[in-house]
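Biologist: Mind walking me through the aromatic side chains and the odd backbone spots here?

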Amino acid sequence: MQQTAIWLNSIGLGAYAQRFAENDIDFSVLRYLTDQDLEKLGVSLGHRRKILAAIAELGGAAFAMPQAVAEPAQQGEAERRHLTVMICDLVGSTALSARLDPEDMRAVIDAYHAACARITLTYDGFLAEFRGDGILAYFGYPIAHEDDAERTVRAGLDIIAAVGRLETRAAEPLAVRIGIATGVVVIGDLSREGALREHAVVGETPNLAARLQALGEPGTIVVAASTRRLIGDLFRLRDLGRHEVRGIAEPIAAWAVEGVSASESRFEAVRAAGLTDFIGREDEIDFLLERQRLAWKGEGQIVLISGEPGIGKSRLAAALAERIVGEPHTRLRYQCSPYHSNSALRPFIAQLERAAAFKADDTSEQRLDKLEALLAIGASRVEAVAPLFAALLSIPSGERYPPLALSPTQQRRRTLAALLDQFEGLARRQPILLSFEDVHWADATSLELLDLTVERVRQLPVLALFTFRPEFEPPWVGLPNVGTLTLGRLDRNDVESMVARVTGGRALPAE
Ligand SMILES: Nc1ncnc2c1ncn2[C@@H]1O[C@H](COP(=O)(O)OP(=O)(O)OP(=O)(O)O)[C@@H](O)[C@H]1O
Ligand SMILES: [Mg+2]
């Protein structure tokens with residue numbers, strides 16, 4: 001219930017905390033609250049609007065992908081959990097408090113705490129402690145997600161940005177330092193309400209996170225080796241080498257996070273390192289090769305690949321791509337993300353940015369040049385569509401193009417049409433293998449574009465693979481040229497040979 005109270009505080013409506021608690025509204029049910037519910041609780045109209053807007057802002061990420069909900073431990077019982085721990089500290093707060101009068105200082109700290117609380121909750125983390133000018137948050141508790149380490153780093157990046165934007169009476173912008181580490185910790189008494197300190201965690205991890213935090217520059221995140229392994233190449237990292245720190249025997253390795261990386265797919269960023277040989281799935285590969293032959297003849301094909309997390313959808317798509325590397329074709333890859341389910345066309349935007357090879361420090365002029373070069377490959381009249389693409393990619397086009405002068409609806413329709421034409425232009429040059437990964441996280445506009453793509457593909461040499469988890473119900477089943485592959489577990493033989501390869505042929509007991 002405290003999470004709800006902290007969240008209410010962060011939007012300035014802490015006064016309702018008790019009423020929410022009395023009605024058993026914990027954080028997990030927030031998103032199901034309706035206007036009528038709130039009215040019944042006696043929340044005023046203005047506050048109802050504010051609460052509903054804040055709930056909507058929590059977005060999908062706060063609730064996506066719960067893997068296991070912790071069983072509350074018995075009163076007084078401790079629990080071992082695998083957590084990612086974040087420690088965030090306000091830089092120069094002592095100096096700041098010497099300069100500000102106490103009330104202004106209080107306001108600074110409150111605004112900073114509220115920002116940390118709001119962002120931590122957005123990523124479904126748990127704010128365990130406010131420590132003076134620092135905060136301690138856990139990710140992976142009480143709800144564990146497959147990507148807790150990634151969530152933690154994303155939350156850290158958001159906190160740095162939000163704190164830098166806070167308007168306060170301090171002369172200069174505020175900055176924080178953040179340390180992140182992952183490991184097994186023992187969490188104290190989980191059942192008592194009311195006192196955050198009851199959630200005290202014990203173990204090396206929080207200590208490690210605190211030490212890493214102290215190593216960083218203001219405005220940066222430093223992560224431990226344990227976290228670094230989990231986040232793979234999802235972020236741009238700078239190796240900070242090894243450091244001797246107090247309280248830890250061995251020198252510790254540390255990395256600074258420089259930003260989100262533009263990797264092509266989640267699969268490659270997290271799992272490509274140390275791939276074992278591809279095993280089994282021969283029928284599926286045959287099915288895909290069969291579709292590919294039809295597609296290359298100009299009868300475009302869509303294959304819907306569905307299955308549980310980790311069952312091998314991405315790996316299957318990668319295996320097909322390997323099988324056909326020798327044949328000339330264009331490979332287009334799109335990746336959806338649980339963090340951007342509300343951001344229109346995000347997978348398409350990211351693909352264009354990668355294909356155009358934008359660099360972080362490119363000027364708008366350079367980006368427009370690169371964009372036009374990219375569009376020239378597929379479009380016959382670049383100048384007609386470049387302004388639409390520039391708007392889609394949020395590149396200020398200055399004097400280069402006349403203003404668009406379209407209503408939002410017109411602009412949206414023309415953007416979708418331009419994306420489709422661009423795609424068709426590419427397909428007319430050579431066949432396309434397209435993969436669109438994790439459709440279950442796609443935004444509504446991307447889904448609409450996929451609808452149009454499914455139609456357009458039929459007369460083009462295109463094989464399109466859409467991967468998704470079982471919770472997504474694809475609207476394309478039964479349409480012409482649409483096939484389905486539902487991946488189940490590998491059979492016993494395949495599993496045995498996979499195990500044998502991982503263990504290098506050493507005999508293992510049958511169980
Ligand atoms: N047939 C296979 N042979 C060898 N390794 C495999 C095979 N299928 C899957 N794997 C391995 O299992 C892991 C999970 O597979 P993959 O990432 O493809 O799952 P997924 O279905 O795409 O999961 P998600 O829903 O999380 O995207 C990867 O490390 C992958 O290399
Ligand atoms: Mg996958």
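Modeller: Sure, the ring rule goes like this: rings of Phe, Tyr and Trp (its six-membered ring) pair if their centres lie within 6.5 Å, with planes under 30 degrees apart called stacked, over 60 edge-to-face and the rest tilted. Note that this is a predicted model, where local features need pLDDT of at least 70 and side-chain atom pairs count only at pLDDT 80 or more. Residues are numbered from 1 along each chain, and side-chain values use heavy atoms, leaving out hydrogens and water.

Biologist: How many aromatic pairs does the structure hold?

Modeller: Eleven aromatic pairs in total. One of them is Tyr123 with Tyr339, tilted, at 5.7 Å centre to centre and 50° between the planes.

Biologist: Are Tyr123 and Tyr339 buried or exposed?

Modeller: Tyr123 and Tyr339 are both buried, meaning under 20% relative accessible area with a 1.4 Å probe on protein chains only, while exposed is over 50% and partly exposed falls in between.

Biologist: What about Phe126 and Tyr141?

Modeller: Their ring centres are 5.0 Å apart and the planes sit at 80°, so that pair is edge-to-face. Phe126 and Tyr141 are both buried too.

Biologist: Switching to the backbone, which peptide bond is cis?

Modeller: The one from Tyr141 to Pro142, with omega near -5°.

Biologist: And what's phi for Leu345 and Ala405?

Modeller: Leu345 has a positive phi, near 60°, and Ala405 has one near 50°. Most residues other than glycine have a negative phi. Leu345 is buried at 6% relative accessibility, whereas Ala405 is exposed at 72%.

Technical notes. Chains are lettered from A and ligands numbered from 1 in the order in which they are written.
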